[in-house]
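Work through these exercises with the model open. Each task is followed by a solution in steps.

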Amino acid sequence: MFTLVFLCVLCVEKNIAVLLDPTHVASLLLLGAAAGFAAGLMGVGGGMLLVPFLTAIFSAQQFPHEHVIHMAVATSLAVILFTSVSSVRAHHQRGAVLWHVVRVLAPGILVGSLAGAQVAALLPTVWLAYGFAAFLAFSATQMLRDRTPTGQRELPRAPGMVAAGIVIGVLSSLVGGGGGFISVPFMVWCNVRIHNAIATSAALGFPIAAAGTIGYIVAGWRAPGLPAGSAGYVYLPALAAVASASVLTAPLGARVAHALDTRLLKRVFACLLYLLAAYMLTKAL
């Protein structure tokens with residue numbers, strides 16, 4: 001219901017009436033279901049699944065080529081607004097969310113996400129894609145090695161957490177993700193249990209998505225050639241379809257995550273990171 005109200009307000013503000021091809025609607029619903037499940041299972045927000053598929057769907061709809069990637073990233077972030085709420089509710093019921101970590105990371109994340117959206121609208125990101133792919137592959141390898149972190153290592157103090165939040169926010173906003181691809185390895189490296197890291201990352205997805213979505217709406221508000229149904233770079237019909245499906249499957253993913261063995265969960269997450277690294281390389285190429 002909140003999803004529908006949110007979208008109706010934006011549609012009235014933009015004075016639009018839009019229709020999607022039934023095939024595209026079906027594709028978006030399936031995509032939303034998969035992204036929601038991934039968000040609950042891995043705490044990644046589902047953005048890395050959404051961006052490449054939304055790019056393909058928007059390209060098939062013959063949206064302006066120069067806007068397709070920006071619209072896919074922006075719409076992905078807007079979807080995470082809803083999947084994160086659904087996912088974190090399920091994790092919170094199991095007492096897995098570290099809210100004190102969320103409170104200290106959130107300010108930096110808000111700043112970083114807003115800044116990242118503006119940077120993404122202005123600069124090519126090929127160099128970032130290469131470096132980021134290397135970071136993801138390194139993080140996945142460390143998880144597969146399953147080395148126990150040193151007992152002395154712990155989360156940094158407030159200034160370090162704010163700085164970490166800014167980095168997470170900038171990178172998440174640039175690639176349209178919920179931040180779990182960097183926040184989960186960061187927390188695990190600091191001796192946070194994988195289940196708590198995933199749950200906390202799910203909670204961090206909301207401030208990332210909120211700031212990033214606002215940033216992309218502002219950055220694209222006067223962009224020429226955007227299709228009807230757009231609020232800045234956010235494409236509202238796709239947002240409605242994907243979010244409606246994703247909020248239903250995110251709690252299921254969270255339940256599965258808590259049922260999995262810690263070692264198996266780390267392996268699954270590592271495989272996901274390798275896939276995301278490959279995606280970033282293809283995006284760069």
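**Exercise 1. Find how much area the protein exposes and which atoms supply most of it.**

Step 1. The protein exposes about 12,600 Å². Accessible areas come from the Shrake-Rupley method with a 1.4 Å probe, and for residues only the protein chains shown count as cover.
Step 2. Carbon and sulfur atoms supply 69% of that area.
Step 3. Keep the basis in mind: this is a predicted model, where local features need pLDDT of at least 70, side-chain atom pairs count only at pLDDT 80 or more, and totals for chains, interfaces and linings use all residues. Residues are numbered from 1 along each chain as its sequence is written, and side-chain values use heavy atoms, with hydrogens and water left out.

**Exercise 2. List the helices and strands in order along the sequence.**

Step 1. Count them: 11 helices and two strands. These are DSSP runs, numbered from the N terminus (helices: H or I, at least four residues; strands: E, at least two).
Step 2. Read the pattern: α-α-α-α-α-α-α-α-α-β-β-α-α.

**Exercise 3. Describe the largest nonpolar core.**

Step 1. Start with burial. Of the 285 residues, 54% are buried (under 20% relative accessible area; exposed is over 50%, partly exposed in between; 1.4 Å probe, protein chains only).
Step 2. Define the core: buried Ala, Val, Leu, Ile, Met, Phe, Trp, Tyr and Cys residues joined through side-chain atoms within 4.5 Å.
Step 3. The largest such core has 70 residues, and Phe58 and Leu239 have the most contacts inside it. Helix H4 (residues 65-93) gives the most to this core, with 12 residues.

**Exercise 4. Place Ala96 and find what it contacts.**

Step 1. Ala96 lies in the loop between H4 and helix H5 (99-122).
Step 2. Is Ala96 buried or exposed? Ala96 is buried, because its relative accessible area is 5%.
Step 3. Leave aside neighbours within four places in sequence. Ala96 is then in contact (heavy atoms within 4.5 Å) with His91, His195, Asn196, Ala199, Thr200 and His258.
Step 4. Take His195. Ala96 and His195 are 99 residues apart in sequence, yet 6.8 Å apart in space, C-alpha to C-alpha.
Step 5. Now the whole protein: among contacts between residues at least 6 apart in sequence, 81% join residues at least 24 apart.

**Exercise 5. Search the structure for disulfides.**

Step 1. A disulfide is a pair of cysteine sulfur atoms within 2.5 Å.
Step 2. The search of the whole structure finds zero.
Step 3. Look at two cysteines. Cys190 is buried at 4% relative accessible area, whereas Cys271 is partly exposed at 45%.
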